[in-house]
Amino acid sequence: MTISLRMFLSSTTFGLVVAAVYWLTTRENVGTILLGLFGAGFAFVSGYVRVIQPKTRLDGDAQRAPAELAGETIGVFSLESPWPIVLACCTAALLIGIVLHPMLAVFAIVALFVTLWQLVRESV
Amino acid sequence: MSAITAPPRELAKEGLVAWLVTTDHKKIGILYMLTSLAFFLIAGFLADVIRLQLAAPQQTIVGPHEFNQVFTLHGTAMIFLFVAPFGFGLANYLIPLQIGAPEMAFPRLNAYSFWLFLIGGLTVFSGIVTQGGAADAGWTAFAPLSDVRVSSGAGQDLWILGLTLTSISGIMTAINFLVTPIVFRAPGMGMWRLPIFTWEMIATALLILMAFPPLATAFAMLLLDRHAGARFFDPGGGGDPVLYQHVFWFFGHPEVYVMILPFFGVITEVVSVFSRKPVFGYTGLVLSAFGIAGLSMGVWAHHMFTTGAVANPFFSALSFLIAVPTGIKFFNWIATMWRGAISYETPMLFAIGFMLNFLIGGITGVMVASPPLDYHVEDSYFLVAHFHYTLGGGSMFAIFAALYFWFPKIWGVKLGEGLGRLHFALMFVGFNLAFFPMFFLGIMGMPRRVYTYPAQAGWGQLNLASSVGVALITIGTAVLVWNVIVSMRKKVPLPDDPWGAANSLEWATSSPPPEFNFRALPPIRSKRPAFDLHHPEFAKDSPK
């Protein structure tokens, strides 16, 4: 078992055990649900890590040397993209619009979808 | 030595556009740090207003409504827009460098996080120009203070919306902080060779992922109460204001550790480099970070002892327990310094200042974890002193240590040592003069968040001392700004490791680092690959 998986599983166990102890000692609902979700969230992450880990390339194996990966392509990194800042503006406009001005929210939803589409297009 | 290469790409544009569209982790890190420092200056100005108002009894520099807005924005900016985001900026800059990676795992998500944070911060402050002014319900926005009957203006809405945006930003950032060191480590960089700063950021990311969603939930409920006729926190409609406190503090206490764990990492790095020794008790430092993170998820209601609606013994016991892993960290820092060739340069001075101040903040934290004592000092200036010692004397001092320590790496310039020492002296004296008297004010019964007090209360002299302290902190901050300006004018080329005994991988590349961070990676055969590279004669003694 890798250290990262052990880390997530320990967090899962901790969350669920504290939730159980909290419920047994206090019988209080809100805290029990919050702590239970804390454990459940890490259970989800643990499962995901278990599935995805064998597919990772740069695993930081302590026995390997950087020379072994010399010249290999390790991924495609974009140095720049105009879409993150646009997406952030759309997100803010959507949230503010929902509360303060519904028409702003409508425009923001349209802009949000266009931006997401551009982001996906840029990524492939 | 061999290179890890990334595919060739189009070169980034220059100028302002390059910064607006960048997805380079180093530039995003710099943007985070500069933005958070700008919010620090604004929050510092607001602190000056607070202390001017309270310097003497019955002052009328600001009225009660304005005072409420000032302390709300001061607390909000310091907590949500300065301390935690500065840690995010530092981590953005350092994590890929420390693990030998060319980038963050999700560069576009990283850029999105930063812009969301900036827009969120501006949204919070935009309330100032609305009718009724900015939010005035304190940084906690407890119901019913934040409900529509008490705070009807758009300022409170903008505050809630702005912080919701910053919390979404925090979650996105945390995903990057967690995924990058797990999947992007260079060959040789096993998990047990990660620098302590990166470990602390992993623990911080776990905390953010668990604690920030409840904050967004609390704010969504608050907005529903304010605008959709929901009654979550209204006892008249079957709701309960204590519910807000539960959900808010389920975020709020872990947030304290989101604001301190990254800086435990900073202090560990600084203490080791300036003691010319490897870190003492590496495993203990890593496990204590996770111990603190785990325990901090179970202590939220120690902020609610006096509601009478929570199980005080449960929360008190867990709160006491946090002192154990924190004590381990202190022990390890002192043991790292023990018999080291300590060099008292500015980063180390700030690190020592951090330890002294945080110790006072920590010990008074243990005091208020005891319900009988907490009942006595709840909502008094004692608490104000306590949390300023942890976050001001703790995190802020560590931020300055980090600034002096990594400035040469980020900008290729060392900040002036003389001005640095003057900055430290003003901050240390000013900070203790500002906040130590508040412990006594609290015990004497001065409540927090009051905009004035009568002369007969006898609080005038201690308040005046406190205000003089804040003035010294302001002068100290001006000295820092001057130091940056002066140092940037005297640019001289620096070596990879200008401190001479640095450990982690960022010191094995140029200052500042090139695009994709490393032209060539050295072999990683111990916990301090940069030290091994620059001092091969001692490499055999480095902890593996």
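Good morning. Chain B contains 16 helices and zero strands. The model we are looking at is a predicted one, and I shall begin with chain B before turning to chain A and to a place where the two chains meet.

Let us consider the overall form of chain B. Along its principal axes, the C-alpha trace extends over about 70 × 50 × 45 Å. How does the radius of gyration of chain B agree with that of a compact globule? For 544 residues, a compact globule would have a radius of gyration near 24 Å, and the value for chain B is 23 Å, so the two agree. Of the 544 residues in chain B, 59% are buried. If we take the contacts in chain B between residues at least 6 apart in sequence, 81% of them join residues at least 24 apart.

Chain A can be described in the same manner. It has four helices and zero strands, and its pattern along the sequence reads α-α-α-α. Chain A has 124 residues, of which 31% count as buried. Among its contacts with a separation of 6 or more, 49% are between residues 24 or more positions apart.

I now turn to helix packing. In general, a pair of packed helices is described by the angle between their axes and the distance between the axes. I shall present two pairs.

The first pair is within chain B. Helix 13, residues 381–411, packs with helix 14, residues 417–443, at an angle of about 170°, and their axes are 7 Å apart. An angle over 145 degrees counts as roughly antiparallel, and helix 13 and helix 14 of chain B are therefore roughly antiparallel to each other. Their crossing is left-handed. Which residues of helix 13 and helix 14 of chain B meet? On the side of helix 13 they include B:Tyr381, B:Phe382, B:Leu383, B:Gly392, B:Gly393 and B:Phe400. On the side of helix 14 they include B:Gly420, B:Met427, B:Phe431, B:Phe435 and B:Ile443. The residues of this contact divide into 15 nonpolar, five polar and no charged.

One residue of helix 13 deserves a closer look, namely B:Leu383. Is B:Leu383 buried or exposed? It has 20 C-beta neighbours inside 10 Å and therefore counts as buried. Leaving aside residues up to four places away in sequence, B:Leu383 touches B:Val368, B:Val377, B:Gly442 and B:Arg448. Of these, B:Gly442 also belongs to the helix 14 side of the contact just described. B:Leu383 and B:Arg448 are 65 residues apart in sequence, yet their C-alpha atoms are 8.2 Å apart in space.

The second pair joins the two chains. Helix 3 of chain A, residues 83–100, and helix 4 of chain B, residues 107–126, have axes that come within 8 Å and cross at roughly 40°. These two helices are therefore oblique to each other, and their crossing is right-handed. Helix 3 of chain A contributes residues including A:Trp83, A:Pro84, A:Leu87, A:Cys89 and A:Ile96. Helix 4 of chain B contributes residues including B:Arg108, B:Tyr112, B:Trp115 and B:Ile119. The residues of the contact comprise 13 nonpolar, two polar and one charged.

Finally, I should like to point out some backbone features in the loops of chain B. Where are the cis peptide bonds I wish to show? One runs from B:Ala143 to B:Pro144, with omega near 5°, and B:Pro144 is in the loop between helix 4 and helix 5. Another joins B:Ser511 and B:Pro512, with omega about 0°. B:Pro512 lies in the loop between helix 15 and helix 16.

There are also residues with a positive phi that are not glycine. B:Arg276 has a phi of about 55° and sits in the loop between helix 8 and helix 9 of chain B. It has 14 other C-beta atoms within 10 Å and is therefore partly exposed. For B:Asp379, phi is near 60°. This residue is found in the loop between helix 12 and helix 13. B:Asp379 has 12 C-beta neighbours inside 10 Å, so it counts as exposed.

Thank you for your attention.

Notes
Residues are numbered from 1 along each chain as its sequence is written. Chains are lettered from A and ligands numbered from 1 in the order in which they are written. This is a predicted model: local features need pLDDT of at least 70, side-chain atom pairs count only at pLDDT 80 or more; totals for chains, interfaces and linings use all residues. Axes are lines fitted to C-alpha atoms, for helices over the stretch in contact, and angles run from 0 to 180 degrees between N-to-C directions. Angles under 35 degrees count as roughly parallel, over 145 as roughly antiparallel, 65 to 115 as roughly perpendicular and the rest as oblique. A crossing is left-handed if the near helix is turned anticlockwise from the far one by less than a right angle, and right-handed if clockwise. Two residues are in contact if their C-beta atoms, placed from the backbone, lie within 7 Å. Ala, Val, Leu, Ile, Met, Phe, Trp, Tyr, Cys and Pro count as nonpolar, Asp, Glu, Lys and Arg as charged, and the others, Gly among them, as polar. The radius of gyration is taken over C-alpha atoms; the globule rule is 2.2 Å times the number of residues to the power 0.38.
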